[in-house]
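Reader: I should be grateful for a close look at one part of this structure, followed outward into its surroundings. Please treat the pairing of residues first and give the criteria behind each term.

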Amino acid sequence: MNQLRYFLIVASCTLATAVSAQWVWIDKNGVKAFSDRPPPVEILEKNILKRPGTAPVLTPEPMSAPGAAAAPASRASAAVPSGVDKALAEKKKKAEAVELAQRNAAEEKNKVAKADNCVRAKQAKVTYESALRLRRVNAKGEVEVLDDAARAAEVKRIQAIIESDCV
């Protein structure tokens, strides 16, 4: 019984290494060829699908009607990639559309915020330029009355906001 197990283990390991040491390529007739030796020199590099020790290159098989045999010429033309993955191109197009929509939404939100800042700054400028006695709460939480210098500094700051947001 132990000899049988040993034989099965050795056979499976040998089979696994034999399978992994295979070459796979598409010959000049468009038919997949399998061998433990490299393909002939006339086989183009792009037609070599698998080398020993590497993962196989997946190629799409042409769809045919049930019961109908595919012609070798059509298989060869189907093995040639078009260079464009339609699903990938579609995903990229959708991602670009989503990014553009997000960018437009952010720009619109920024425009609305600037318009609101403009209105508030203009109202504040009218207030600071009036003859009313103004007071504010400082960083310590104390109420202070604004003198002419503080008023002028605040009007200057507000004017800078108006110039940047009211365009």
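Author: Trp-25 stands opposite Ile-48 in strand 3. The model is a predicted one, in which local features need pLDDT of at least 70 and side-chain atom pairs count only at pLDDT 80 or more, while totals for chains, interfaces and linings use all residues. Residues are numbered from 1 along each chain as its sequence is written, and side-chain values use heavy atoms, with hydrogens and water left out.

The pairing of strand 1 (residues 23–26) with strand 3 is antiparallel and rests on two bridges; two strands are taken as paired if DSSP finds at least two bridges between them. Helices (H or I, at least four residues) and strands (E, at least two) are DSSP runs, numbered from the N terminus. On its other partner, strand 1 is joined to strand 2 by four bridges, and these two strands also run antiparallel. Here Val-24 is the residue that faces Phe-34 in strand 2. The hairpin of strand 1 and strand 2 has five residues between the strands, and within this hairpin Gly-30 takes a positive phi near 85°.

Taken together, three strands form an open sheet in the order 2-1-3, with antiparallel pairing. Strand 2 (32–35) and strand 3 (48–50) occupy the edges with a single partner strand each, so one side of each is left without a neighbour in the sheet. Direction ignored, neighbouring strands of this sheet are turned by 25° against each other on average, where axes are lines fitted to C-alpha atoms, for helices over the stretch in contact, and angles run from 0 to 180 degrees between N-to-C directions. Strands of a sheet pair through backbone hydrogen bonds, either parallel or antiparallel.

The side chains of strand 1 divide between two directions: Trp-23 and Trp-25 point one way, Val-24 and Ile-26 the other way, and all are buried. Buried denotes under 20% relative accessible area, exposed over 50%, and partly exposed the range in between (1.4 Å probe, protein chains only). Over the chain, buried residues make up 16% of the 167 residues.

The surroundings of the sheet may now be described. The chain has four helices and five strands, which run α-β-β-β-α-α-β-β-α from the N terminus on. With contact defined as heavy atoms within 4.5 Å, 40% of the contacts in the chain between residues at least 6 apart in sequence join residues at least 24 apart. The chain exposes about 13600 Å², of which carbon and sulfur atoms supply 60%; these areas come from the Shrake-Rupley method with a 1.4 Å probe, and for residues only the protein chains shown count as cover.

Further along the chain, one disulfide is counted, the criterion being a pair of cysteine sulfur atoms within 2.5 Å. Cys-118 and Cys-166 form this disulfide, with an S to S distance of 1.7 Å. Their link is right-handed, with 120° about the S-S bond. The pair connects distant parts of the chain, as Cys-118 belongs to helix 3 (residues 86–129) and Cys-166 to the segment after helix 4 (148–165), 48 residues apart. Cys-118 counts as buried at 11% relative accessibility, whereas Cys-166 is partly exposed at 25%.

Charged side chains supply another set of links. Seven salt bridges are found in the whole structure, a salt bridge being a side-chain nitrogen of Lys or Arg within 4 Å of a carboxyl oxygen of Asp or Glu. One of them, in helix 3, joins Glu-99 to Arg-103, with the closest N and O atoms 3.3 Å apart. These two residues are four apart in helix 3 and are therefore separated by about one helical turn. Glu-99 is partly exposed at 44% relative accessibility, and Arg-103 is partly exposed at 42%.

Another salt bridge joins Arg-136 to Glu-144, the closest N and O atoms being 3.3 Å apart. Arg-136 has a relative accessible area of 32% and is partly exposed; Glu-144 is partly exposed at 31%. In helix 4, Glu-154 and Arg-157 are three residues apart, about one helical turn, and their side chains meet in a salt bridge of 2.5 Å, N to O. Glu-154 counts as buried at 12% relative accessibility, while Arg-157 is partly exposed at 45%. Through salt bridges that share partners, Arg-136, Glu-144, Glu-154 and Arg-157 are joined into one network.
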